[in-house]
Amino acid sequence: MNDVDNFVKIILAVSVSLSVVGISIQFMRLLGTTNSILRDAHGAVKDVVELIANIKEDYRGIAVKFGEITDGISSIKTNVVDPLNRFSNTVGAFVDVMNKKVRGEAV
C-alpha cells in the first residue's frame, strides 16, 4: 500500500509540474503575441506621426503660397487701383471745372 501511495504522489507531482510548464509556455506565447502587437502598433503610430509631419509641411507651404497671393493682390491695389482712383479724382475735378466754365460760373 505504501508503494501505491508513493507512486500516486509521484504521478501527481509530475502532472502538476507538467501543468506549470504548460502554463508557462502559454504565457510565453501570450507575451510574444503582445510584443508583436505592440511592434505593429508602434509602426502604425510612427506612420501617423510621419503623416502629420507631412501635412504640417504641406500646410506651411500652402500658407506661404497664400501669403504670396495676398501680397500680390495687395500690390495690385497699391500699384494699380490707388493711382487709378487718384487719376479719376483729378479727371473728375477737371470735368467739374470745365462744366462750370461752360455754364459760365466762377471757378
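Start by selecting Val 91: this residue is partly exposed, with a relative accessible area of 35%. It sits in helix 1. Keep in mind as you click around that this is a predicted model.

Now add Phe 87, Phe 94, Val 95 and Met 98 to the selection. Together with Val 91, these residues make up a nonpolar patch on the surface. Show them as spheres and you're looking at about 470 Å² of accessible area for the whole group.

Next, zoom out to the full chain. What secondary structure is there to colour? One helix and zero strands. That helix covers residues 2-103. The radius of gyration of the chain is 45 Å, well over the 13 Å that the globule rule gives for 107 residues, so the chain is more spread out than a compact globule. Line the view up with the principal axes and the C-alpha atoms fill a box of roughly 150 × 20 × 10 Å.

While you have everything on screen, switch on the surface. How many of the 107 residues count as buried? The share is 0%, where buried would take a relative accessible area under 20%. The accessible surface of the chain adds up to about 9,500 Å², and carbon and sulfur atoms account for 68% of that.

Time to colour by charge. You'll find 12 positive and 12 negative side chains. The centres of those two sets lie 10 Å apart.

Among these charges, how many salt bridges are there? The count is one. To see it, select Glu 68 and Lys 65 and show their side chains: the closest N and O atoms are 4.0 Å apart. Both partners belong to helix 1, three residues apart, or about one turn of the helix. Is Lys 65 buried or exposed? Lys 65 counts as exposed, at 52% relative accessibility, because the cut-off for exposed is over 50%. Glu 68, at 45%, is partly exposed.

For the next stop, go to Gly 22. This glycine is also in helix 1. With a relative accessible area of 30%, Gly 22 is partly exposed.

Finish with a distance. Pick the C-alpha atom of Gly 22, then that of Asp 71, and draw a line between them. The two residues are 49 apart along the chain, and their C-alpha atoms are separated by 73 Å. Leave that line on screen and go back to the whole-chain view, with its box of roughly 150 × 20 × 10 Å, to see where the pair sits.

Terms used: Residues are numbered from 1 along each chain as its sequence is written. This is a predicted model: local features need pLDDT of at least 70, side-chain atom pairs count only at pLDDT 80 or more; totals for chains, interfaces and linings use all residues. Side-chain values use heavy atoms; hydrogens and water are left out. Helices (H or I, at least four residues) and strands (E, at least two) are DSSP runs, numbered from the N terminus. The radius of gyration is taken over C-alpha atoms; the globule rule is 2.2 Å times the number of residues to the power 0.38. Buried means under 20% relative accessible area, exposed over 50%, partly exposed in between (1.4 Å probe, protein chains only). Accessible areas come from the Shrake-Rupley method with a 1.4 Å probe; for residues, only the protein chains shown count as cover. Lys and Arg count as positive and Asp and Glu as negative; His and the chain ends are not counted. The place of a charge is taken as NZ of Lys, CZ of Arg, CG of Asp or CD of Glu. Patches are made of residues with over 30% relative accessible area and no salt bridge: like charges are joined within 9 Å, nonpolar side chains (Val, Leu, Ile, Met, Phe, Trp, Tyr) within 5 Å.
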